[in-house]
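Morning, everyone. I have one structure to go through, and I will start with the ligand site and end with the aromatic pairs.

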Amino acid sequence: MKKKKLAIEVSVYDSITELSQTDKTLMLKAVEARKNAYAPYSNFSVGAAVLLANGKTVLGNNQENASFPAGLCAERVAIFQAGAIYPNVKIVSVAISATSKNYQVSNPAAPCGSCRQAMIEYEQKQKQSVTLLLMGELGAVYKCDSIADILPLAFSNSFLE
Ligand code: THU
């Protein structure tokens with residue numbers, strides 16, 4: 001037996017003001033997008049902004065449902081929308097921001113497991129890394145160079161061949 005270490009590295013910015021202009025603009029769109037979240041059950045609103053290689057930005061936010069599992073996270077609303085409208089355009093980066101009516105979200109938003117899996121599908125499909133920017137309501141921003149960084153040992157279509 002031997003041990004294998006799976007390490008990840010993220011860039012940590014103290015605030016949105018430290019980001020490049022492109023990243024800052026995308027994050028501000030995620031902040032705007034979270035305002036249209038439909039989150040009456042959790043009071044936790046998430047916004048996602050997907051930047052495409054053609055310069056377009058596609059937005060999403062969480063959409064909840066009285067039948068809880070029927071709702072969908074912001075990341076999947078946004079990335080599925082991007083795939084639906086621009087199926088052949090590469091995804092450059094995804095910015096995510098979260099806020100809560102119950103407390104101050106100061107930690108960078110962490111995409112759930114299903115959203116990580118959904119996002120890595122597009123990274124694999126386009127054979128090009130997707131940059132991820134994570135923020136709470138304000139405060140520190142994590143920047144990951146690839147979705148694969150936050151989903152080690154990912155399942156992929158290579159298992160289906
Ligand atoms: N949520 C997201 O939108 N993205 C995530 O990655 C984690 C959770 C939403 C789903 C639900 O509407 C609320 O946050 C609380 O779980």
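The ligand takes up the space of the largest pocket. Keep in mind that this is a predicted model.

Which residues are around the ligand? Going along the chain, they are Ser42, Phe44, Val46, Asn62, Glu64, Cys73, Ala74, Glu75, Ala110, Pro111 and Cys112. By class, that shell splits into 7 nonpolar, 2 polar and 2 charged residues. Two elements, β2 (44-52) and α2 (74-85), each contribute at least two residues to the shell.

Now the polar contacts. On the side-chain side, glutamate 64 places a polar atom 2.5 Å from an oxygen atom of the ligand. Asparagine 62 also uses a polar side-chain atom, at 2.9 Å from a ligand oxygen. With cysteine 112 the contact is through the backbone: a polar backbone atom lies 2.8 Å from an oxygen atom of the ligand. As for burial, the ligand taken alone exposes 370 Å², and the protein buries 75% of that.

Last topic, the aromatic rings. How many aromatic pairs does a search of the whole structure find? It finds 2. One of them is tyrosine 41 with phenylalanine 68; the ring centres are 5.6 Å apart and the planes are at 45 degrees, so this pair counts as tilted. Tyrosine 41 sits in the loop between α1 (21-34) and β2, while phenylalanine 68 sits in the loop between β3 (57-61) and α2, so the pair ties together parts 27 residues apart in sequence.

That is what I have; comments are welcome.

Technical notes. Residues numbered from 1 in each chain as written. Predicted model: local features only at pLDDT ≥ 70, side-chain atom pairs only at ≥ 80, totals over all residues. Heavy atoms only, no water. Near = heavy atom within 4 Å. Polar contact = N/O pair within 3.5 Å; in protein donor to acceptor, adjacent residues only side chain to side chain. Areas by Shrake-Rupley, 256 points an atom, 1.4 Å probe, with all protein chains shown as cover. 1 Å grid on protein atoms, 1.4 Å probe; cavity = no way out; pocket = protein on both sides within 12 Å on 5 of 7 lines; lining within 4 Å. Sits in = over half its atoms within 2 Å of the grid points. Helix = DSSP H or I, 4+ residues; strand = E, 2+ residues; numbered from the N terminus. Nonpolar A, V, L, I, M, F, W, Y, C, P; charged D, E, K, R; others polar. Phe/Tyr/Trp six-rings, centres within 6.5 Å; stacked < 30°, edge-to-face > 60°.
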